[in-house]
Amino acid sequence: MLSIFDLFKIGIGPSSSHTVGPMVAGKAFADLLLEKELLPRVARVKTELYGSLALTGEGHGTIGAVLNGLEGASPETVEPVHLSTRTAQLAENADLLLAGRAKIAFTQKEDVILHKGIFLPRHSNALTITALDAAGTVLLAKTYYSIGGGFIRSEEDFDSVEAEYPAPPYPYKTATELFDWCRRENTSIARIVLANEVFWHGEAEVERRIRAIVDAMREAVERGCCLDGILPGGYGVRRRAPQLLRKLSALMAAGRRELSLWPMVYAFAVAEENASGGRVVTAPTMGAAGVVPGVFMYYTNFYPSASEEGQRDFLLTAGAIGLFYKLNASISGAEVGCQGEVGVACSMAAGAYCAVTGGNVKQVEVAAEIGMEHNLGLTCDPVGGLVQIPCIERNGLAAERAVNCAQLSILEDGRQRVVPLDKVIDVMYRTGTDLQATYKETSLGGLAKAIGDAWQKA
């Protein structure tokens with residue numbers, strides 16, 4: 001089993017698999033050099049990116065992420081300004097400060113290699129880091145896979161099935177198993193999840209972590225709603241959340257209640273922060289980071305009975321649903337398409353909003369199932385390898401859809417639904433494996449090719 005805090009990570013955009021994961025991998029490699037006492041002997045470090053990391057890594061900030069990781073940076077603490085500044089310096093061949101201690105010569109064109117035509121067999125997000133001495137002898141080489149949501153696996157532990165945590169009071173892996181616990185204990189999903197989290201971390205630590213996630217989500221929404229301007233990347237994509245916020249506020253002041261668009265505006269705000277390399281929360285990924293906060297802030301600001309307990313239950317329920325996908329399918333756009341990112345986020349937000357607005361366990365399952373069912377087959381085709389088009393708008397529409405899924409589920413009793421959540425999770429994974437590679441975060445097909453080709457001709 002995994003904790004919801006493994007899913008909800010505070011980190012740097014624009015991508016959990018292409019930015020957060022590679023930074024974690026870079027730092028893990030540097031830490032391993034320290035552990036093995038190899039650091040004084042290192043004269044050069046070579047980084048090789050494969051598959052999706054190579055094809056879209058430049059637009060996703062992968063090169064800067066892994067290099068900053070090698071210098072000791074962590075996604076949860078590195079400042080976005082430092083990351084962008086240091087990445088620019090390294091692009092001009094500044095010396096690499098390995099593990100924050102050892103200064104070594106660095107030439108980006110020679111020391112970072114993009115294997116755009118090669119996919120390693122275990123996962124399409126792969127990188128190999130090699131440390132060499134002055135004579136060119138390999139001191140240490142490791143291959144890492146960034147498997148979505150900021151999670152990484154090395155070649156050696158890729159197939160590991162060891163439990164991450166000791167068995168909690170209410171063990172489960174599937175939705176059916178969790179819902180059975182709810183029925184047996186006559187309680188909510190959030191209560192079961194909370195009991196497990198408290199068992200692992202203690203009540204005070206659980207409360208601290210939940211407040212940290214709440215604060216990070218709120219701050220991302222607030223920043224995104226205030227900052228006008230153009231997103232980085234060269235395509236001239238303008239931030240839309242601030243102007244949408246002003247227009248909606250004016251409509252409300254004039255007496256109109258355009259509430260249905262607020263989840264979309266909030267989701268736009270976070271997704272635009274993510275696209276600019278700001279600090280957001282993986283929910284379950286950075287590419288889909290706007291959906292859950294968008295619905296969460298809509299609940300907080302507009303639901304009449306919103307409370308801190310409701311906020312906590314929202315995150316506990318959303319986290320449990322996201323982990324069903326993580327443990328039994330995939331949350332990696334490079335593996336299963338955007339259905340594994342925005343589709344999962346929609347499912348998480350729908351189930352969570354249903355839970356805190358009066359839905360019972362069955363209705364929560366139905367809301368989460370609807371949220372995924374109508375995202376099945378969703379492709380991942382970011383234009384220019386940037387998490388901007390169609391990603392930002394897709395976050396907004398998924399947030400609005402999640403609220404509608406929850407409301408529909410509460411209006412009905414769920415008995416007419418014939419597709420259980422576990423089944424739709426399985427179908428999502430099988431659909432993802434059937435998708436052509438061009439539609440799985442390679443920017444070789446779909447909108448990425450159509451729009452990218454048109455802009456290049458223009």
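## A walk from Pro284 into helix H12

Start by selecting Pro284, which sits in the loop between strand S9 (279-281) and H12. You're looking at a predicted model. Turn to the bond just before this proline: the peptide bond from Ala283 to Pro284 is cis, and its omega is near 5 degrees.

Next, follow the chain into H12 itself and select residues 291-302. This helix has 12 residues, and from first C-alpha to last it reaches 16 Å, close to the 16 Å expected at 1.5 Å a residue. Is it covered or not? Mostly covered, with nine of the 12 residues buried. Show the side chains of Val291, Val292, Pro293, Val295, Phe296, Met297, Tyr298 and Tyr299, which are among the buried ones; Gly294 is buried too.

What do those buried residues pack against? Color these helices to see: H9 (203-226), H11 (262-275), H13 (308-328), H15 (342-356) and H17 (391-411).

Now jump back to Pro14, in the loop between strand S1 (10-12) and helix H2 (16-35). Here's another cis peptide bond, joining Gly13 and Pro14, with omega at about 15 degrees.

Two backbone oddities are left. Most residues other than glycine have a negative phi. Select Glu37, in the loop between H2 and strand S2 (44-50): its phi is positive, near 60 degrees. Glu37 is also exposed, at 66% relative accessible area.

Last stop: Asn93, in the loop between helix H5 (80-91) and strand S3 (96-98). Phi is positive here as well, near 70 degrees, and Asn93 counts as partly exposed, with 38% relative accessibility.

Technical notes. Residues are numbered from 1 along each chain as its sequence is written. This is a predicted model: local features need pLDDT of at least 70, side-chain atom pairs count only at pLDDT 80 or more; totals for chains, interfaces and linings use all residues. Side-chain values use heavy atoms; hydrogens and water are left out. Helices (H or I, at least four residues) and strands (E, at least two) are DSSP runs, numbered from the N terminus. The expected span of a helix is 1.5 Å times one less than its number of residues. Buried means under 20% relative accessible area, exposed over 50%, partly exposed in between (1.4 Å probe, protein chains only). Contact means heavy atoms within 4.5 Å.
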